[in-house]
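Let's take a walk through this one together. Have the sequence and the 3D view open, and we'll go from the overall picture down to single residues.

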Amino acid sequence: SELAQVASIMVESFYNAKINKMWSRLYQLAELNRLQQNFAYPDQADVHKMLVVEAHDKQDDNVVGFCDVDTRPCTTKVKLPRPY
């Protein structure tokens, strides 16, 4: 699926290349879960879009880019300053 390919791109781009394959797979599953939970549904199309760029060749289609545009209002109320 496209989201699984996006999850792979995200892990390859933002995680340390030295992690072993087991951890890489776990990070990919976690990223896929995050993407699926935040999926842009049709009723939110005016405020949330997930854009996928594919490269087409004779054998198959590969996802080569991804952009998540989310302008929904944040429901988390952060109280600043936070004492530590």
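**A walk through the chain**

Start with valine 52, which is partly exposed, with a relative accessible area of 31%. Keep in mind that this is a predicted model. Valine 52 sits in strand 1, and we'll come back to its surroundings once the overall layout is clear.

So what is the chain built from? Its secondary structure comes to two helices and two strands. Follow the sequence from its start and you meet them in the pattern α-α-β-β.

Now zoom out. The C-alpha atoms fill a box of roughly 55 × 35 × 15 Å along the principal axes. The radius of gyration is 16 Å, whereas a compact globule of 84 residues would have one near 12 Å. Buried residues make up 18% of the 84 residues. On the outside, the chain exposes about 7000 Å², and carbon and sulfur atoms supply 57% of that. As for charge, there are 10 positive and 11 negative ones, and the mean positions of these two sets lie 12 Å apart.

How do distant parts of the sequence meet? Take the contacts between residues at least 6 apart in sequence: 40% of them join residues at least 24 apart.

Next, look inside. The largest nonpolar core has nine residues: Leu3, Val6, Ala7, Met10, Leu32, Leu35, Ala40, Met50 and Val63. Two elements each give two or more residues to this core, namely helix 1 (2-14) and helix 2 (21-37). Helix 1 provides the largest share, with four residues.

Pick out alanine 7, one of the core residues. Setting aside neighbours within four places in sequence, alanine 7 is in contact with Gln28, Glu31, Leu32 and Leu35. Let's follow the first of those partners. Is glutamine 28 buried or exposed? Its relative accessibility is 15%, and buried means under 20%, so glutamine 28 counts as buried. This residue belongs to helix 2, and, again leaving out neighbours within four places, glutamine 28 contacts Ala7, Ser8 and Val11.

Back to valine 52 in strand 1. Which residues does valine 52 touch beyond its neighbours within four places in sequence? They are Glu2, Val6, Val63, Gly65 and Phe66. Val6 and Val63 from that list are also members of the largest nonpolar core. Valine 52 and valine 63 are 11 residues apart in sequence, with their C-alpha atoms 6.8 Å apart in space.

Another meeting point involves valine 47, in the loop between helix 2 and strand 1 (48-56). Valine 47 is partly exposed, with a relative accessible area of 28%. Beyond neighbours within four places, valine 47 is in contact with Val69, Asp70, Thr71 and Arg72. For the last of these, arginine 72, the separation along the chain is 25 residues, yet the two C-alpha atoms are separated by 5.6 Å.

Finish at arginine 72 itself, found in the segment after strand 2 (61-70). Arginine 72 counts as partly exposed, at 28% relative accessibility. Not counting residues up to four places away in sequence, arginine 72 touches Asn38, Gln44, Val47 and His48. You can also trace from arginine 72 to leucine 35: these two are 37 residues apart in sequence and 15 Å apart in space, C-alpha to C-alpha. Leucine 35 brings you back to the largest nonpolar core, where it is one of the nine residues.

Terms used. Residues numbered from 1 in each chain as written. Predicted model: local features only at pLDDT ≥ 70, side-chain atom pairs only at ≥ 80, totals over all residues. Heavy atoms only, no water. Rg over C-alpha atoms; globule rule 2.2 N^0.38 Å. Buried < 20%, exposed > 50% of the residue type's maximum accessible area, 1.4 Å probe, protein only. Contact = heavy atoms within 4.5 Å. Areas by Shrake-Rupley, 256 points an atom, 1.4 Å probe, with all protein chains shown as cover. Lys, Arg positive; Asp, Glu negative; His and termini not counted. Charge placed at Lys NZ, Arg CZ, Asp CG, Glu CD. Core = buried A, V, L, I, M, F, W, Y, C linked by side-chain atoms within 4.5 Å.
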